[in-house]
Amino acid sequence: MLKIGPYPFKHNLVLAPMAGVTDSVYRKLCRDFGADYTLAEMVASQKQLWESKKSATRHANPNDPEPRAVQLLGTDPQELADAAVWQQQQGAQIIDLNMGCPAKKVCSVAAGSALMGEPDKVAQIFSAVVDAVEVPVTVKIRTGLDNERKNALQIAQLAQEKGLQAVTIHGRTREVKFSGQAEYETIRRVKQSLEIPVIANGDINTPEQAKFVLEYTSADGIMIGRATQGYPWIFREINHYLETGQHLPSPTLNEFRDTMLEHTLGLHQLYGEMLGVRIARKHIGWYSQHLPQGSALRKPFNLLTDPNEQLKLIEAFFAKRI
């Protein structure tokens, strides 16, 4: 069983924090389909951004089930500690530190996975944040900066030494970003060396792969990101396979329709009409990749600017096929 601080989870499946994706609407959908633990999108630690319009949808949502987890991005130990305190005051129950993002705009300011090249600063960040809050602190890292500088074990040991409650490892270096295939040997070695929970991440997109990664690495849990986009049912399919060794049937067209309508309406309500319409296009594009003749929905959907018309088009698409 995966357990982080005082929080045990029935299932050991975690929804990865993804910028522009894992808002409260998406997290609820994934929980409904079997993700016991979900993390909000990363939030910058700078104080002037805490209450910005963009960050406002990324804080702990009091309507989320416990534990409510927020991921912080930054480079300054005190700034991150202050941000963690503020997030705790807003209702966050787990603080996750982002040391895994490979995006250029993040790494160019030495944040995200770039921090793995500065173990001394990482140690300072861990100490500052753990000392500042009363809730569990966790971290997400990569295997290292590149193949010649794989130091996930060093950073993970620092995390345990400084009092963090779990480590998530994406099985790629910062250099390769999301290209190639994730490797799990590093995750396995880290798990063998730590007492705190280790969560494996990277290229887990089928029930069989989930089972393999759990068994090979002995990880306490697995984190799934891109494979959930347009297909939140992957959580229930993996849970069922891990429990029974059997495959669940794919979601029906009725399930696709109902989920897509719920998701789209939720985005309109969370972000407002104009932004909600734009964000919905991205998600419906992902859903359509799993649908027969999905382009017949995606292409006209991307042209719509009215939220009600978006909902009507989804209804009309399925009315012809169910």
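Q293 sits in the loop between α10 and α11, and its phi is near 60°, a positive value in a residue other than glycine. With a relative accessibility of 55%, over the 50% cut-off, Q293 counts as exposed. The model in which this loop appears is a predicted one, and the points below move from its backbone features to its barrel, its helices and its nonpolar cores.

**Backbone features in loops**

- Most residues other than glycine have a negative phi, and most peptide bonds are trans.
- Besides Q293, a positive phi is found at D203, where the value is about 60° although D203 is not a glycine.
- D203 belongs to the loop between β9 (198-201) and α7 (207-217), and because its relative accessibility is 23%, D203 counts as partly exposed.
- The peptide bond that joins E66 and P67 is cis, with an omega of about -5°, and P67 is placed in the loop between β4 (37-44) and β5 (69-73).

**The barrel**

- Eight strands close into a barrel with parallel pairing, and their order is β3-β4-β5-β6-β7-β8-β9-β10.
- From one strand to the next, the twist averages 30°.
- Within this barrel, strand β6 (residues 94-99) and strand β7 (residues 137-144) run parallel and are joined by five bridges; for N98, the bridge partner in β7 is K140.
- Strands of a sheet pair through backbone hydrogen bonds, either parallel or antiparallel.

**Helices lying across the strands**

- Helix α1 lies across β3 (13-15) and β4, and the direction in which α1 runs makes an angle of about 160° with β4.
- Helix α6 (residues 185-193) lies across three strands, β7, β8 (166-173) and β9, and runs at about 175° to β9.

**Helix α10 and its packing**

- Helix α10, which covers residues 273-288, has 16 residues and reaches 22 Å from its first C-alpha to its last, close to the 22 Å expected at 1.5 Å a residue.
- Among the buried residues of α10 are V277, I279, A280, H283, I284, W286 and Y287.
- The buried residues of α10 pack against four other helices, namely α1 (24-32), α9 (253-271), α11 (295-301) and α12 (307-319).

**A buried loop residue, A35**

- A35 is placed in the loop between α1 and β4, and because its relative accessibility is 1%, under the 20% cut-off, A35 counts as buried.
- When its neighbours within four places in sequence are left aside, A35 is in contact with L13, C30 and F235.
- Along the chain A35 and I204 are 169 residues apart, while their C-alpha atoms are separated by 14 Å.

**Nonpolar cores**

- The largest nonpolar core has 79 residues, and those with the most contacts inside it are L72, L97, F126, V139, I141, V167 and M260.
- L72, not counting residues up to four places away in sequence, touches V43, L80, A83, A84, Q87, I95, D96, L97 and N98.
- A second core, separate from the largest one, consists of 13 residues and includes L2, F9, Y37 and I94.

Note on methods: Residues numbered from 1 in each chain as written. Predicted model: local features only at pLDDT ≥ 70, side-chain atom pairs only at ≥ 80, totals over all residues. Heavy atoms only, no water. Core = buried A, V, L, I, M, F, W, Y, C linked by side-chain atoms within 4.5 Å. Buried < 20%, exposed > 50% of the residue type's maximum accessible area, 1.4 Å probe, protein only. Contact = heavy atoms within 4.5 Å. Helix = DSSP H or I, 4+ residues; strand = E, 2+ residues; numbered from the N terminus. Expected span 1.5 Å × (residues − 1). Pairing = 2+ DSSP bridges. Axes fitted to C-alpha atoms, helices over the stretch in contact; angles between N-to-C directions.
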